[in-house]
Amino acid sequence: MAGSVKAAFCSASSRVTTGVLQNLPELRFIVTSSVGVDHIDLHECKRRGVKVANAGSIFSEDVADAAVGLLIDVLRRISAANRFVKAGLWHENGGYPLGHKLGGKRVGIIGMGSIGLDVAKRLNAFGCIISYTSRNEKPHVKFPFCPNIQELAAKSEILVICCALTDQTRHMIDKSVMLALGRDGIIVNIARGAIVNEKDLVECLLQQEIAGVGLDVFENEPNVPEELLELDNVVMTPHHAVMTEQSLRDLYELVVRNLDAFFSNKPLMFEVTRV
């Protein structure tokens, strides 16, 4: 049966390796439910003539909303304040520590694709000062471009990670970047966990070398570093930024349209052409 498969559907948790492709000799199309394609061996797909399509911009607005939500939660201590009230500590202890204003913050966005641009638009509306780094400068983007991550971190108070996981971006956010961001700095990651060096992140948080993080993704999901579980300046969600009823309905429709297009020899939506 595997020898006759022409098209395959996968998620980010299903790795499509050279070995998998070898067992599917007739495969000509892979559609993934994710935006990221780091789980697919694109070089081998290209060599074998296998087309790949991802979720494109289907999730962009929902993920951008989640990124802003995580950031506001960290700045204003919302989740921690919720635990404070539910534990009865308001009555016992009285006042609660002050949070921080979002408006006016200098925000560096890493990766100015559709998600990064939607994050930028939202935070710009809050009055944040936006700059970005990306693989290339985007002519259509009005925000200032930084050629490297160190420069972006040094001029920012907040970093929002929106880029793809590649060999070049793996552990790109390491201790040197965190130190450049500074003690008042906040990191939000809604991209891929391995873009951040988690060991360095834990160390910087415990030593108060950055102020806090909002994380939807982790390096070894579903495993989360135990040290993060007790920190009130860490807000986490279970790789759920894309998960809304509307986005999943849109994804279903996209997958069906792309499968129909492939078998009808029509152009695909969100075909991945960069390897």
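Contact here means heavy atoms within 4.5 Å. In this predicted model, helix H10, which spans residues 245-263, is in such contact with strands E1, E2 and E3, lying across them and running at about 170° to E2.

The three strands that H10 lies across form an open sheet in the order E1-E2-E3, with parallel pairing. Its edges are strand E1 (7-10) and strand E3 (51-53), each of which pairs on one side only. Neighbouring strands of the sheet are turned by 15° against each other on average, direction ignored. Between E1 and strand E2, which covers residues 29-32, there are 4 bridges, and these two strands run parallel. A reader who wishes to follow the pairing residue by residue may start from Phe 9, whose bridge partner in E2 is Val 31.

Attention can now turn to a pair of helices. Two packed helices are described by the angle between their axes and by the distance between the axes. For helix H3 (residues 60-76) and helix H6 (residues 114-125), the axes come within 8 Å and cross at roughly 50°. Since angles under 35 degrees count as roughly parallel and 65 to 115 as roughly perpendicular, H3 and H6 are therefore oblique to each other. The crossing in which H3 passes H6 is right-handed.

Which residues of H3 and H6 meet? On the H3 side they are Ser 60, Glu 61, Val 63, Ala 64, Asp 65, Ala 67, Val 68 and Leu 71, and on the H6 side Ser 114, Ile 115, Asp 118, Val 119, Arg 122 and Leu 123. Sorted by class, this contact of H3 with H6 has 8 nonpolar, 2 polar and 4 charged residues.

Key: Residues numbered from 1 in each chain as written. Predicted model: local features only at pLDDT ≥ 70, side-chain atom pairs only at ≥ 80, totals over all residues. Heavy atoms only, no water. Pairing = 2+ DSSP bridges. Axes fitted to C-alpha atoms, helices over the stretch in contact; angles between N-to-C directions. Parallel < 35°, antiparallel > 145°, perpendicular 65-115°, else oblique. Left-handed = near helix turned anticlockwise from the far one by under 90°. Nonpolar A, V, L, I, M, F, W, Y, C, P; charged D, E, K, R; others polar.
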